[in-house]
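Student: I've got this model open and I'd like to talk through its strands and its cysteines. Can we start as soon as it's on screen?

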Amino acid sequence: QLQLVESGGGLVQAGGSLRLSCAASGSTFARYVIGWFRQAPGKEREGVSCISRRDGHIYYAHSVKGRFTISRDNAKNTVYLHMVSLKPEDTAVYYCAAADVYLGSGYVCPVADFGSWGQGTQVTVSS
């Protein structure tokens, strides 16, 4: 069983940046696709980005493409989400989660495929 813990959230002004971390323990981290998701008040949880096990396949939601960068360090059992040019609409609780799936072309990181959810980290972007 994989356990995930998010960190790095905070309050920033619009245009600012943050780097979120998702630290894993308890299982073979490198076998899992890791995804970042977010949930704003009153909205459904949505996929932001996910990264494959080793071969570098990556998905970004259209709303964050060009502003967010996902990366993983399998030696440190950690996945990062570097966010720049933040907007007020990026305000949400950000979660990471894991999936034992194949991330190929066209895969859009559906929430239902993922488990081992972390507790979330709040990101607040002020205008």
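Tutor: Sure, and keep in mind that this is a predicted model. Let's begin with strand E9 and strand E10 (residues 121–126), which pair over three bridges. The sense of that pairing is antiparallel.

Student: Which residue of E10 is the bridge partner of valine 93?

Tutor: Strand E9 covers residues 92–99, and E9 pairs with E10. Look across from valine 93 into E10, and the bridge partner there is glutamine 122.

Student: How many bridges join strand E4 to E9?

Tutor: E4 spans residues 33–39 and runs antiparallel to E9. Two of the pairs are easy to pick out: isoleucine 34 has alanine 98 as its partner in E9, and glycine 35 has alanine 97. The number of bridges joining E4 to E9 is seven.

Student: What is the order of the strands in the open sheet of six?

Tutor: The pairing in this sheet is mixed, and the twist averages 25 degrees from one strand to the next. Strand E2 (10–13) and strand E6 (58–60) each have a single partner strand, so they stand at the edges. Reading across, the order is E2-E10-E9-E4-E5-E6.

Student: How many of the eight residues of E9 are buried?

Tutor: Buried here means under 20% relative accessible area. E9 is largely enclosed by the rest of the structure, because the number of its eight residues that are buried is seven.

Student: Now the sheet of four strands. Which strands stand at its edges?

Tutor: The order in this open sheet is E1-E3-E8-E7, with antiparallel pairing. An edge strand has a single partner, so one side of it is left without a neighbour in the sheet. That picks out strand E1 (3–7) and strand E7 (68–73).

Student: What does the twist average from one strand to the next there?

Tutor: Go along the order E1-E3-E8-E7 and take each strand with the next. The average twist is 15 degrees.

Student: Which residue in E3 is the bridge partner of serine 7?

Tutor: E1 and strand E3 (residues 18–25) run antiparallel, joined by five bridges. Serine 7 belongs to one of these pairs, and its partner in E3 is serine 21.

Student: On to the cysteines. How many residues apart are cysteine 22 and cysteine 96?

Tutor: These two are joined by a disulfide, with an S to S distance of 2.1 Å. The pair links distant parts of the chain, with cysteine 22 in strand E3 and cysteine 96 in strand E9. Their separation along the chain is 74 residues.

Student: Is the link of cysteine 22 and cysteine 96 right-handed or left-handed?

Tutor: Both cysteines are buried, but the handedness comes from the angle about the S-S bond. That angle is 80 degrees, and the link is right-handed.

Student: Where does cysteine 109 sit, and is it buried or exposed?

Tutor: Cysteine 109 forms a disulfide with cysteine 50, their sulfur atoms 1.5 Å apart. Cysteine 50 lies in strand E5 (residues 46–51), while cysteine 109 is in the loop between E9 and E10. Cysteine 50 has 0% relative accessibility, so it counts as buried. At a relative accessible area of 2%, cysteine 109 is also buried.

Student: What pattern do the disulfides of the protein chain follow?

Tutor: A search of the whole structure finds two disulfides. One joins cysteine 22 to cysteine 96, and the other joins cysteine 50 to cysteine 109. Count the bonded cysteines along the chain, and the pattern is 1-3, 2-4.

Definitions and conventions: Residues numbered from 1 in each chain as written. Predicted model: local features only at pLDDT ≥ 70, side-chain atom pairs only at ≥ 80, totals over all residues. Heavy atoms only, no water. Pairing = 2+ DSSP bridges. Axes fitted to C-alpha atoms, helices over the stretch in contact; angles between N-to-C directions. Buried < 20%, exposed > 50% of the residue type's maximum accessible area, 1.4 Å probe, protein only. Disulfide = S-S within 2.5 Å.
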